[in-house]
Amino acid sequence: MLRKRRKLRGQSEVIGGIIVLTALIISMGFVLTSLGKLSSSSVTGISRRTLFETEKSFEQLDALVSGGVCYIRNTGNIPLTITRIWFAGKPIDIPPSLYSTMTLQPGGNKSITEIKSILNIDKIDYAVSSRGNVFPVESMCIQQQQSQINIYYSSGGMFTSEDILNTTKIVRGLKQMYIYANISGSTYAVIYNYTNTWYCSSMFNKNIIPGQNINSDADGNGINELIITTASDCTSSSTYKEWSANNFKNGTIVFVFRNILNVTEYIDILTVYFKILVVSSGGGVAQQIAVYPSVMIFNENATLQSPATVTTGGAKQNVATIFGSAIFPIRAFGQQLPQGNYNLVIRMEMTAQSIEITGIRLEYIAVVGAGYTVYWTTQ
């Protein structure tokens with residue numbers, strides 16, 4: 001009886017070992033199966049991500065202007081769906097029901113006017129695709145419009161006649177006492193010949209003055225210039241002398257235009273173009289004068305300043321023609337220019353060395369991105 005019990009005890013140990021081994025094999029099989037599924041899932045996820053990123057890189061969108069209307073065009077090789085619009089710094093999510101309407105097939109296009117009508121908005125700053133690409137729609141349209149202007153106006157810059165501070169606007173600014181000059185810390189009056197009537201404006205007063213014995217068109221192109229005088233104000237006088245200087249070294253010449261610009265909406269880029277003439281009488285060629293200009297726009301709420309890029313030339317040896325432009329990429333720096341009226345200042349650091357300067361004049365200003373105030377556009 002004792003031997004039988006010993007036999008049974010040995011068999012139970014064997015049976016228990018078999019059960020443990022079976023459970024271990026099952027557990028290992030489960031673990032291996034889970035690892036296989038995880039590996040397969042990871043590979044699938046990586047493949048999908050790779051496919052997504054590849055498709056994202058294939059998305060291409062540009063702008064096309066035709067008949068004055070801007071179109072966005074899918075120049076990629078896959079369909080592109082716009083799912084979000086940014087307007088005035090706020091996102092607008094497009095409902096899924098409009099996805100088919102907002103999908104552009106390769107080579108397809110849609111007008112900005114149509115999209116704004118569908119979404120009932122006034123402007124489109126950025127468009128976001130379903131794959132996460134961001135396209136600066138407004139900037140693309142502006143660039144296309146400006147490139148067309150350049151092609152059409154082959155002899156001009158990136159602005160139209162509406163953007164120029166023309167003769168009538170200058171006269172209206174003079175009548176408002178909004179124009180004067182500052183040279184090395186001292187203020188000076190400016191004068192302007194418009195239809196044989198001479199207008200004067202200073203920091204302190206304004207006046208219509210007698211005819212002056214001054215050539216009002218120094219470069220002879222048929223356009224009169226705004227002339228800096230030696231007078232500090234516009235009190236009655238029969239003769240005004242044009243400001244001049246010998247050996248003008250490290251001096252600062254400033255044209256001030258008060259309450260000139262009107263900002264009515266959030267703008268992306270503001271660009272100022274100008275043409276300044278420097279007249280000389282000897283001591284060297286006028287074009288040798290070193291000029292380092294900058295432009296400032298300011299009011300009580302905001303101030304923007306930018307260096308200007310200039311090209312100096314001129315057909316006459318005694319007249320240097322300085323074409324300049326200053327660009328303010330406002331939105332690129334996350335800066336918002338508050339609405340309102342702004343002053344404009346063109347500042348020039350000049351070194352003339354031995355050249356004798358006999359006149360500093362401004363022929364035109366052109367501003368793209370903001371309008372002119374009623375003071376400068378209405379009598």
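**Chatting about rings and charges**

Q: How many aromatic pairs does the count come to?
A: The count comes to 2 aromatic pairs, where rings of Phe, Tyr and Trp (its six-membered ring) pair if their centres lie within 6.5 Å, with planes under 30 degrees apart called stacked, over 60 edge-to-face and the rest tilted.

Q: Cool, how far apart are the ring centres of Tyr178 and Tyr375?
A: Their centres are 5.6 Å apart and the planes sit at 90°, so this pair is edge-to-face.

Q: And where do those two tyrosines sit?
A: Tyr178 is in the loop between helix H4 (167-175) and strand S9 (179-183), while Tyr375 is in helix H5 (residues 374-377), so to speak a link between distant parts of the chain, 197 residues apart. Helices (H or I, at least four residues) and strands (E, at least two) are DSSP runs, numbered from the N terminus.

Q: Hang on, what kind of model is this?
A: This is a predicted model: local features need pLDDT of at least 70 and side-chain atom pairs count only at pLDDT 80 or more, though totals for chains, interfaces and linings use all residues. Residues are numbered from 1 along each chain as its sequence is written, and side-chain values use heavy atoms, leaving out hydrogens and water.

Q: Got it. Is Tyr178 buried or exposed?
A: Tyr178 counts as buried at 10% relative accessibility. Buried means under 20% relative accessible area, exposed over 50%, and partly exposed in between (1.4 Å probe, protein chains only). Tyr375 is partly exposed, at 30%.

Q: What about Phe257 and Trp376, how are their rings placed?
A: The centres are 6.2 Å apart with the planes at 50°, so that pair is tilted. Phe257 belongs to strand S16 (residues 251-263) and Trp376 to helix H5, 119 residues apart. Both Phe257 and Trp376 are buried.

Q: New topic! How many salt bridges does the structure hold?
A: There are 10 salt bridges, each a side-chain nitrogen of Lys or Arg within 4 Å of a carboxyl oxygen of Asp or Glu.

Q: Which residue forms one with Glu225?
A: Arg361 does, with the closest N and O atoms 2.8 Å apart. Arg361 is in strand S23 (residues 356-368) and Glu225 in the loop between strand S13 (206-209) and strand S14 (226-228), so the pair ties together parts 136 residues apart in sequence.

Q: How accessible is Glu225?
A: Glu225 is buried, at 0% relative accessibility, and Arg361 is buried too, at 3%.

Q: And which residue meets Glu242 in a salt bridge?
A: Arg361 again, at 2.8 Å, N to O.
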